[in-house]
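Hi everyone, thanks for making time for this. I'd like to walk you through a structure that may be new to you, so let's bring it up and look at it together.

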Amino acid sequence: MIIILKQKTDQHQLENLMGWLKEKGLEVHPTVGESRSILGLVGDTSKLDMDLIASLDIVENVKRVQEPYKNANRKFHPMDTVIKVGNTQIGGGNLTLMAGPCSVENEEQIVAVAQAVKASGATMLRGGAFKPRTSPYAFQGLGKEGLRLLSLAKKETGLPVVTEIMEASQLEYFDDVDVIQVGARNMQNFNLLKLLGSQKKPVMIKRGLANTYEEWLMSAEYVMSEGNENVILCERGIRTFETQTRNTLDLAAIPLLRNLTHLPIIADPSHATGKIALIPAMATAAVAAGTDGLLIEVHNDPTKALCDGPQSLRPEAFDKLARKLLALHEFLKTQED
């Protein structure tokens with residue numbers, strides 16, 4: 001349920017209303033906007049008298065929210081969420097480029113790639129320390145050593161780090177990680193999501209291989225219901241009947257989710273296509289669709305990469321693409337104005 005307040009609301013009356021609602025066992029989430037303010041209610045609102053609330057002097061309207069996700073719902077939070085990460089932000093009209101190798105392999109590799117992508121305009125470093133792989137015989141990542149090397153690259157470049165967590169027991173090693181990524185396979189690992197909701201670091205949730213928008217938003221709701229509102233959604237492609245690409249990048253997710261949720265939405269054209277030749281076109285299309293950022297794999301020698309070499313751009317190719325994407329983003333902003 002949401003309560004839409006009148007402009008110039010009496011503060012004393014508002015505090016009394018919020019106190020009464022909390023006594024009913026409800027969570028109250030106030031959102032103050034330029035044109036209107038609302039109170040979002042989470043909990044069992046079935047016994048609340050909507051007519052009684054609507055009759056209050058400070059209330060303009062009362063509406064029930066039918067969707068099962070509440071905290072992530074744009075009706076609860078009309079303004080876009082902007083997530084601060086280090087010296088940059090995700091959302092708020094910013095195009096965030098997260099770039100780096102699929103897997104951290106050694107110090108020379110991760111530091112060199114970090115320096116290269118920063119010079120090209122990336123504002124966050126992505127790199128895998130713990131790697132979920134389909135085959136048990138494939139490279140599983142360096143684990144804690146990979147996190148140490150990411151911290152070293154962060155110190156060398158100043159780039160905030162985003163990397164994937166696979167299970168709850170690994171959280172204690174993520175002190176120097178800036179954004180914790182939940183991979184597609186863990187999108188509905190609800191115990192892990194609840195744990196990440198109990199801490200304050202931003203959480204980026206990748207869409208599952210065959211999950212609907214509502215299921216995806218409900219995963220975000222798991223994190224937010226525990227108190228962590230710093231959630232980012234990442235469209236990384238879904239599994240369809242097509243075999244020419246690794247996955248099918250669902251670009252419609254970006255404008256559609258923009259209407260459903262206030263959370264930032266980024267795209268991962270690397271995992272979605274699985275092919276270097278397709279990444280520039282799909283990254284460009286994602287920017288045109290209104291993405292808040294891109295997650296792009298970059299490796300200094302893709303032919304020798306221990307993981308996902310065929311979908312990793314060389315630094316010089318990323319440099320060319322990043323300049324194009326940032327220029328397109330700026331052009332589109334001028335058209336909106």
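Let's begin with helix 9, residues 279-289, where the buried residues are Ile279, Ala283, Thr284, Ala286 and Val287. Those residues span an arc of only 160° around the axis, so they sit on the same side of helix 9. Before I go further, please keep in mind that this is a predicted model.

What do the buried residues of helix 9 pack against? There are several partners: helix 7 (253-260), strand 13 (265-267), helix 8 (269-273), strand 14 (293-297) and helix 10 (315-336). Just after helix 9 comes Gly290, and its phi is positive, near 105°.

Now let me pick out one residue from helix 10, namely His329. Is His329 buried or exposed? Its relative accessibility is 12%, and because buried means under 20%, His329 counts as buried. If we set aside neighbours within four places in sequence, His329 is in contact with Gly93, Asn94, Leu95 and Val287. You may remember Val287 from a moment ago, as one of the buried residues of helix 9.

Next, the nonpolar cores. In general, nonpolar side chains in soluble globular proteins tend to be buried together. Here, the largest nonpolar core has 59 residues, and the ones with the most contacts inside it are Ile205, Leu294, Ile296, Phe318 and Leu325. Which helix gives the most to this core? That would be helix 6, residues 213-225, with six residues.

Let's zoom in on Leu294. Not counting residues up to four places away in sequence, Leu294 touches Thr96, Leu97, Met98, Ile266, Ala267, Pro269, Ala283, Ala286, Val287 and Leu325. Among those, Ala283, Ala286 and Val287 belong to the buried residues of helix 9 that we began with. Apart from the largest core lies another one, of 16 residues, among them Leu21, Leu26, Leu41 and Val62.

On to the strands, with strand 12 to start. Strand 12 covers residues 231-235, and five of its five residues are buried, so the rest of the structure largely encloses this strand. Which way do these residues point? Val231, Leu233 and Glu235 point one way from strand 12, while Ile232 and Cys234 point the other way, and all are buried.

Strand 12 pairs with strand 11, residues 203-206, in the parallel sense over four bridges. In that pairing, Lys206 has Cys234 of strand 12 as its bridge partner. Strand 11, helix 6 and strand 12 together make a right-handed β-α-β unit. Strand 12 also runs parallel to strand 13, joined by three bridges, and Glu235 stands opposite Ala267 in strand 13. To get from strand 12 to strand 13, the chain passes through helix 7, and this β-α-β crossover is right-handed too.

Let's turn to strand 9, residues 161-165. Five of its five residues are buried, so strand 9 is largely enclosed by the rest of the structure. Two bridges join it to strand 8, residues 124-126, and these two strands run parallel. Arg126 has Val162 in strand 9 as its bridge partner. With helix 4, residues 144-157, strands 8 and 9 make a right-handed β-α-β unit. Strand 9 also pairs with strand 10, residues 179-182, again in the parallel sense, over four bridges. There, Thr163 stands opposite Ile180 in strand 10.

I'll finish with the aromatic rings. How many aromatic pairs does the structure hold? It holds two. In one of them, the ring centres of Phe130 and Phe174 are 6.2 Å apart with the planes at 15°, so this pair is stacked. The pair links distant parts of the chain, 44 residues apart: Phe130 is in the loop between strand 8 and helix 4, and Phe174 is in the loop between strand 9 and strand 10. Both Phe130 and Phe174 are buried.

Phe190 and Tyr222 form a stacked aromatic pair as well, with 4.4 Å from centre to centre and 20° between the planes. This pair also links distant parts of the chain, with Phe190 in helix 5 (residues 190-197) and Tyr222 in helix 6, 32 residues apart. As for accessibility, Phe190 is partly exposed, with a relative accessible area of 31%, and Tyr222 counts as partly exposed at 30%.

That's my tour, and thank you for listening!

Technical notes
Residues numbered from 1 in each chain as written. Predicted model: local features only at pLDDT ≥ 70, side-chain atom pairs only at ≥ 80, totals over all residues. Heavy atoms only, no water. Buried < 20%, exposed > 50% of the residue type's maximum accessible area, 1.4 Å probe, protein only. Pairing = 2+ DSSP bridges. Right-handed = clockwise from strand over helix to strand, strands pointing away. Arc of directions from axis to C-beta. Contact = heavy atoms within 4.5 Å. Core = buried A, V, L, I, M, F, W, Y, C linked by side-chain atoms within 4.5 Å. Phe/Tyr/Trp six-rings, centres within 6.5 Å; stacked < 30°, edge-to-face > 60°.
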